[in-house]
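These are my notebook entries from a session of looking things up in one structure. I wanted to go through strand pairing first, then a surface patch, then a single residue and its surroundings.

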Amino acid sequence: MDPPTLPPEEVIPLIVSQLCEYGYTQLAQIVAEQTDIPVDLRPSPKLSELLYIAKEQDEGDEMRPCEMPEEDPDSGDSSQGDDGVYHSKYLTHVDPETRNVPKPAPNYSTWYMTTHRAASTCAIFSGDGKYAATGSADASLKVLDTSKMNSRSDEDRPVIRTLYDHLAGVNDLSFHPNGLVLASCSDDQSIKLFDLSKPGVKRSFRYLQDTHVVRSIAFHPSGDYILAGTDHESIRAYDVKNFQCFTASTSPGDLHRGGITKVRFSANGSQFVTSSLDGSIKIWDTVTGRCVTTIENAHDGASVSSVKFSKTGKFILSGGRDSVARLWEAISGRCILQYEGATHKNNTLETTFTYNEDYVLSSDEVNPTVVCWDSRTGLLLKRWGGHGSTIRCIAASPTEPGFISC
C-alpha cells in the first residue's frame with residue numbers, strides 16, 4: 001500500500017519553518033513566495049521532530065550499521081519534552097517551571113597541567129577536539145595534543161608547540177575549521193595566524209594590525225573570514241585571503257555603545273553574537289551585517305563577559321559581572337533560565353556549555369573553583385578546586401566530556 005500523501009498546504013509550512021530553524025531565512029522566504037501558500041516565517045523544529053518519530057517507528061528494533069545504538073534516557077543524549085517528543089542530545093528543551101530532577105553531577109579529575117610564565121587568559125579546542133590551545137598574559141601561546149593529555153603517560157608530551165609573536169597579553173584564540181591554523185588576538189592590537197602544519201615554526205605567517213586592542217576573534221565556519229571585537233564599538237570582519245576589512249552595520253541603533261568583549265558565530269555561520277562593556281548582547285545577520293536582535297541590560301547593566309550560541313542555534317548562553325549566567329532564546333531575546341551561585345564582579349570570565357550541553361560551566365572569583373550547573377534546570381550541582389587564583393577561562397571539548405580551566 002502506498003503511503004498517504006499530505007496536501008502541499010500542510011507540508012510547505014513545515015518545510016519553511018524548518019528552514020528558518022536552520023538559519024536559512026532567505027531561502028525559506030523564496031520557497032514561501034514561489035509556492036504562494038500562506039506560511040509563518042517563524043522558526044520551528046516540528047518537521048525534524050516528526051521525521052525523527054517516523055524514522056524510529058520505521059526502523060523498529062532493527063539497527064543499521066552506520067547508526068549509533070539507542071542511549072539510556074539518563075545519559076544526556078536525548079531528552080523528552082512536555083510534547084512527548086524526544087529531542088536531540090543538544091540543548092533543545094528547557095523546562096525551568098517544573099524543575100525536573102537534574103542529572104547527576106559529572107565527575108572530573110585532573111589529567112594534565114601545564115604552566116605559562118604569567119596568568120593564563122584564554123583557551124580553545126579545535127573543532128574536531130584533537131588539539132587545544134592556551135594563551136597567556138606573557139604573550140605566549142601553547143598548542144596541546146588532547147590524545148596525549150588523555151593518555152596520561154610520562155613519555156607523552158602534550159604541549160607540541162609554544163608560539164611567540166605577540167608583544168602583549170593574549171586575549172582570545174580561534175582555530176580555523178581545517179584545524180591547521182590557529183589565530184590569536186592581543187592587547188598589542190593585532191590578530192596573528194600561525195601555521196600548525198609546519199613543525200618548528202613559532203612565529204605567525206600572517207597578521208592583521210588594528211587601531212584598538214582586540215578582545216575577541218572567531219573564524220567563520222567556512223574559514224574564509226575572521227570576526228574581530230575590539231575596544232571600539234564597531235565589529236570588524238576580515239577576509240582571510242586578502243585581509244580586506246569589512247564592518248558590520250554603522251547604523252547608530254545597531255552599534256554597541258562600548259567595547260566588544262566577545263564575538264561568536266552560530267554553528268552554520270548564518271548569524272553571530274556579540275557582547276559589550278555597555279551591558280548589551282546583539283545578534284547579527286552574517287550576510288547583511290545588520291543587527292537583528294538586541295538584548296539591553298542583559299546582566300542588570302553590568303558588562304557582559306562572554307556569549308555563545310548553543311549548537312542548535314536556538315539559545316545563547318551569557319556570563320556577566322552581575323554574578324548571574326543566563327540562557328536566552330535567540331529569536332525573541334527572552335531570558336528563560338538563570339545560573340546563580342558564582343561570584344563574577346571584577347574580571348572577565350568565561351561561561352560555556354559542556355560538549356553535549358547537559359551542563360553549564362563557569363568560575364567563582366571569591367572561591368577559585370569551576371562551578372557546574374544543570375543546563376536545563378539551572379540547579380548548581382558541583383564545584384571543583386585546584387587553582388590558586390582566579391579562573392579566567394573555561395573551554396570545553398566539542399567532542400568529549402573534558403574541559404580546560406585557566
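Entry on strand pairing. In this predicted model, I looked up how β11 is joined to strand β12 (residues 225-230), and I found five bridges between the two, which run antiparallel. Within this pair I noted that S216 stands opposite G229 in β12.

I then followed the pairing outwards and recorded an open sheet of four strands, in the order β11-β12-β13-β14, with antiparallel pairing. Its edge strands are β11 (214-219) and β14 (245-247), each of which pairs on one side only. From one strand to the next, I noted a twist that averages 25°.

Entry on the surface. Which residues make the nonpolar surface patch of about 290 Å²? I listed Y24, L27 and I30 as its makers. Of these I looked further at L27, which I placed in helix α2 (residues 25-35). L27 has a relative accessible area of 45%, and I therefore entered L27 as partly exposed, since that class lies between the 20% and 50% limits.

Entry on I37. I located I37 in the loop between α2 and α3 (46-59). Is I37 buried or exposed? I entered I37 as buried, because its relative accessibility is 18% and the cut-off for buried is under 20%.

For the surroundings of I37, I left aside its neighbours within four places in sequence and found contacts with P8, E9, I12 and A32. I also checked I37 against E10: the two are 27 residues apart in sequence, while their C-alpha atoms are 9.6 Å apart in space.

Terms used
Residues are numbered from 1 along each chain as its sequence is written. This is a predicted model: local features need pLDDT of at least 70, side-chain atom pairs count only at pLDDT 80 or more; totals for chains, interfaces and linings use all residues. Side-chain values use heavy atoms; hydrogens and water are left out. Two strands pair if DSSP finds at least two bridges between them. Axes are lines fitted to C-alpha atoms, for helices over the stretch in contact, and angles run from 0 to 180 degrees between N-to-C directions. Patches are made of residues with over 30% relative accessible area and no salt bridge: like charges are joined within 9 Å, nonpolar side chains (Val, Leu, Ile, Met, Phe, Trp, Tyr) within 5 Å. Accessible areas come from the Shrake-Rupley method with a 1.4 Å probe; for residues, only the protein chains shown count as cover. A salt bridge is a side-chain nitrogen of Lys or Arg within 4 Å of a carboxyl oxygen of Asp or Glu. Buried means under 20% relative accessible area, exposed over 50%, partly exposed in between (1.4 Å probe, protein chains only). Contact means heavy atoms within 4.5 Å.
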